[in-house]
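This report goes through selected features of one protein chain, from its disulfides to a sheet and its aromatic contacts. The sequence and the structure come first.

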Amino acid sequence: MCQHCPNISLQLLSFTDCRCVNGKCEIENGKEVCKCPSRFGYFTSFYCKACNCGPNQGCKWKSTGWFGSEQICYCNPGYIEYNRKCVAVPCTDESQCKERQKCVGEEGNKTCQCDDGLGGENCGKEEWCEDTGKFKNCKGEYGKCEYSKEWRSVVCTCDNGKKLHPEENMCKDPCSSNPCQNGGTCSVDWQGFKCFCKSPFKGKLCETGPCASNPCQNNGQCKVDNENFKCECKTPYKGNLCQNGPCSSNPCQNSGVCEVVGLSFQCKCKEPFKGKNCEIGPCSSNPCQNRGNCKVVGINFQCDCKPPYEGKQCEKDPCTSSPCLNKGNCTVNGNSFKCACKRPFFGDRCEKDPCSSSPCRNGGKCKITGNTYSCDCPEDYVGERCQHGCDCKNGKCRVTSDEEVLCECLPEYGKKSEVCEPCDCGTGANCTWESGIFFGYTKYCLCPDGSKLKEQHCEDPCKSNPCLNNGKCKAEGRIFKCECRPPYTGRTCKDDLCTKNPCQNGGTCKISGTSFECKCKIPYTGKLCEKDPCTDNPCKNGGTCRRDKNNFKCDCPKPFSGNTCEKDPCTGGPCKNGGTCKVEKNSFKCYCPVPLSGNNCEIDPCSSSPCLNGGKCKITGNTYSCDCPKDYVGERCQHGCDCKNGKCRVTSDEDVLCECLPEYGKKSEVCEPCDCGTGANCTWESGNFFGNTKYCLCPNGSKLKEKHCEDPCSSNPCLNNGKCKVEGKIFKCECRPPYTGPTCKDDLCTENPCQNAGTCKINGTSFECKCIIPYTGKLCEKDSCTDNPCKNGGTCRRDKNNFKCNCPKPFSGNTCEEDPCTGGPCKNGGTCRVENNSFKCHCPAPFSGKKCEIDPCTGGPCKNGGKCEVEKNYFRCYCPAPFSGKNCETDPCTGGPCKNGGTCKVEKNSFECYCPVPFSGSNCEIDPCTGGPCKNGGKCEVENNSFKCYCPAPFSGKNCEADPCSKTPCKNGGTCRLQGNSFKCDCKTPYFGDNCETDSCTKNPCENGGICRLQGNSSKCYCRTPYFGDKCQKDPCTNNPCKNGGTCSLLGDSFKCDCKDIFVGNRCEH
């Protein structure tokens, strides 16, 4: 043990090359050296020993042998050494001071001090000449060190042409050290030496040349090239002066600081900017809409909006609040808005409609119908505006074009004294009452068959068996109803489900039970064969489907592809490493999580392979770190280091230090085992004659020369109930959990692994961190922004105990997870794409509209409760009975089935006509003229609830039933036919004459009383005796049987001759 060494606590800087007892290690010329504080002096290079020279006085300790040393005082100005103490000697001038002293200091505070270079008692020591003095090298051939009364100082005197070296403070041949640089020639002169320089060098030492000003930047090596210089640049610099590097173009925007890292650069961005070039800031995403001007304020942005826009992002305009009612289209108009109203709405805000003026009177209810209005009138009021009163029991009021109000009786009612009375004439029969001259009213039933019955009922409605296909006819009151057997339908059970062939596209309809089935042709399917391969539009993302034989093909809009246009540029996940892919225009864009970048988020801080010498790169936060292989250290494993039994460390000046492990000490730059005991370190000090001496630095603070520290366990070094075991010359503690360390002093909380002011607490054999808000994680290492909850390039910032995301446009939401497509604004299978700062829907056929909300059924094309369904690219209406037509616009009353002013009313699945008198029939088609009561081309006109015939010549009679032939003018079977306004008889043989009244017997051609009789087509005369001949024109005298002029005369059935005078005989033949 050193007898002169005070019992001090050794303060060691562990694991470094610098050891400093009672002092402090500091950096000096790139090295760590031991610096003694005031009132301490160097005992050794690493040991500071307290001085005893007086208050605040310094000293140096000088060895006087193996175990001795003496103190040399370094007295502060105003003090001199006296009896190995520093004492102050006041003075006013030098006469009060001793020899070799001078009086110096401020007026009134002067003291006697030694001349320069002197010290010791009475200034008798020439301190500058001692081994540690200024002129310690000024000896022998290097000069003579002595006190000069002339100079009042210790000086170094040179001879033999040598000069005092200004830095080494000894006499040297000025040219011996070759002071002339760059090939210059040295010559001694009276001032010392002079250099004769080679071109292009100049200067006192020829030190100035083309490279003297260090023109090569960025550690480039300057080399003289003839009369000029040339720079050899270090990678990554280039240029004449090595001035061009990764930072030369000032790539860091927004006042970011550029630093060269490897072959590239890294920007240190000022908040709130970020990005590789600090190019991303609160305004980068153009958050200000509608040409608003974005400016950065603090760490956020502020929008200066142009009128009429307002809001944080200028997103609001006069139309934002949807001022246009009733689906009016709002457009910005100057600093206000303008509404384009959908018909029938109008007004500044489309707030008015045709009902706004309350046009319906007398309690009528107004409703919008198309582009106008209609009034639902209360009972007893009619008219377009319910302006007319009308009392019409059992009838219906009607307003004529002349605004005249008529009461028209319902079907099966007739008007009697201006009151509609029941007809009681049978189903479908109307009636009329005719006023008699004496006996009141007579009822005439107007039957469906056209007949007019006076006070008689029409026939039974079921009498004609109107119900077909085994339908059952039931009389309900005076009408018939058919109860049809499935699958038959219709008024008379005539129709079935296949009657109108519901099967489309050539499908065949077949009745199946009470329903039907369609047998479809390839490629059609569906209940009605209504579907083809394109019906359900398998093409996504706005693709157009077209038939291709028995299949389909999709024509896809850019940028979509695939059999069903299901692929877009994001299909297949081009964005790596958790990047979010968004389709933009006809390509994709990757939104990369920090610290990733690149078109596909494929670039990370390790992509450039920054780790050298086989170091493994790993991502750490927003940068990288290198796991270096053995014998390499540094941020990029760029430094080699052979440090057995130690650990390499790189200083801030990039010096590589080997720091010994605990219980090892450095001996000749190699870490050797101390073998001093548990927890003991050591040092080797170089002796004058006997090599290196080991000193054990024991845990109790003692320093033992070549001795082992005490019994390792005698001091009970194991704390916290640890068990101490001696192993050789050291102790080892077996610690009880959770304690650790060489003396069981440490536990898992000793070095407080809890970050961010978290409190460490032992829990069993482990520990728990109690974190202050908002920190979390096992080590309280996480705050609300640690895992970067902000998606899509959003910037996370702490907000009290939570976080807030500054989202680039068009993203929004607590974590920037929402974009204009979030929530699925595109309906009906539409594909949403973000475009600019909004969204665009690509709608599959047949959908359209900003959100694909419009389909062929939009606007309700199906009337009367019809159900609209989209089929193929069109709509189809499924109409409830009895409606039909493309838009279910057709009902049994469509087309006006009720004739002659009849009122049509839909009842169940058919219609009923309410006919005005004198009309009747299921369609009011029957009037007194129905059935053609007027014959022979007579014109029938309804008059006074009956009919009147206007007969063309030659017809006449009530029904024009009479003509010239009506009274059978043609006799004897003659055929009467009209000719002109008269008639002509076509007579049967043998009749003739205008009326066939004449025959061959009419004028009795039979003479002499003969009787004429018709015989066949001729006539025959039956003669009276004695007549004969065709016409009984002959008698026995006809041929004058009397000869010779005799005169014949009849006599009975014969004749007699009256003979002339001379003749005689029966025939006067004689």
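## Disulfides

Cysteine 575 and cysteine 590 are joined by a disulfide, with an S to S distance of 1.9 Å. The model is a predicted one, and the distances and angles in this report are computed from it. The torsion about the S-S bond of cysteine 575 and cysteine 590 is about -90 degrees, so this disulfide is left-handed. Cysteine 575 belongs to the loop between β43 (551-555) and β44 (580-584), and cysteine 590 to strand β45; the pair links distant parts of the chain, 15 residues apart. Cysteine 575 and cysteine 590 are both buried.

In total, the structure holds 78 disulfides. Another of them joins cysteine 288 to cysteine 303, with 1.9 Å from S to S. The link of cysteine 288 and cysteine 303 is left-handed, with -90 degrees about the S-S bond. Here cysteine 288 is in the loop between β22 (264-268) and β23 (293-297), while cysteine 303 is in strand β24 (residues 300-304), and the two are 15 residues apart. Both cysteine 288 and cysteine 303 are buried.

A further disulfide joins cysteine 1042 to cysteine 1057, at an S to S distance of 1.5 Å. Its torsion about the S-S bond is about -100 degrees, so the link of cysteine 1042 and cysteine 1057 is left-handed. Cysteine 1042 lies in the loop between β76 (1018-1022) and β77 (1047-1051), and cysteine 1057 lies in strand β78 (residues 1054-1058), so the disulfide ties together parts that are 15 residues apart in sequence. Cysteine 1042 is buried, with a relative accessible area of 3%. Cysteine 1057 is buried as well, at 13%.

The S to S distances of these disulfides are set out below.

| Cysteine | Partner | S to S distance |
|---|---|---|
| cysteine 288 | cysteine 303 | 1.9 Å |
| cysteine 575 | cysteine 590 | 1.9 Å |
| cysteine 1042 | cysteine 1057 | 1.5 Å |

## Aromatic pairs

How many aromatic pairs does the structure hold? There are three. One of them is formed by phenylalanine 43 and tyrosine 47: the ring centres are 5.7 Å apart and the planes are at 70 degrees, so the pair is edge-to-face. The cut-off for that class is an angle over 60 degrees. Phenylalanine 43 is partly exposed, with a relative accessible area of 26%, whereas tyrosine 47 counts as buried at 7% relative accessibility.

Tyrosine 591 and phenylalanine 811 form another pair, with ring centres 4.9 Å apart and planes at 80 degrees, so this pair is also edge-to-face. Tyrosine 591 is in strand β45 (residues 587-591) and phenylalanine 811 is in the loop between β64 (802-806) and β65 (831-835), so the contact ties together parts that are 220 residues apart in sequence. Strand β45 is also the strand that holds cysteine 590 of the disulfide described at the start. Are the two ring residues buried or exposed? Tyrosine 591 counts as buried at 12% relative accessibility, and phenylalanine 811 counts as buried at 6%.

## Charges over rings

Two contacts between a charged side chain and a ring can be listed here. Lysine 49 lies over the face of tryptophan 61, at 4.0 Å from the ring centre. The charged end of arginine 1013 sits over the ring of tyrosine 1022, 5.2 Å from the centre of that ring.

## A sheet of three strands

Strands β35, β36 and β37 make up, in that order, an open sheet with antiparallel pairing. Its edge strands are β35 (430-435) and β37 (452-454), each of which pairs on one side only. From one strand to the next the twist averages 30 degrees. Strand β36 (residues 441-446) pairs with β37 over three bridges, in the antiparallel sense. In β37, lysine 452 is the bridge partner of leucine 446.

## A long separation

Valine 188 has its place in strand β17 (residues 185-189). With a relative accessible area of 43%, valine 188 is partly exposed. Its C-alpha atom is separated by 105 Å from that of phenylalanine 552, and the two residues are 364 residues apart along the chain.

Key. Residues are numbered from 1 along each chain as its sequence is written. Side-chain values use heavy atoms; hydrogens and water are left out. Two strands pair if DSSP finds at least two bridges between them. Helices (H or I, at least four residues) and strands (E, at least two) are DSSP runs, numbered from the N terminus. Axes are lines fitted to C-alpha atoms, for helices over the stretch in contact, and angles run from 0 to 180 degrees between N-to-C directions. Rings of Phe, Tyr and Trp (its six-membered ring) pair if their centres lie within 6.5 Å; planes under 30 degrees apart count as stacked, over 60 as edge-to-face and the rest as tilted. Buried means under 20% relative accessible area, exposed over 50%, partly exposed in between (1.4 Å probe, protein chains only). A charge sits over a ring if NZ of Lys or CZ of Arg is within 6 Å of the ring centre and within 35 degrees of the ring normal. A disulfide is a pair of cysteine sulfur atoms within 2.5 Å.
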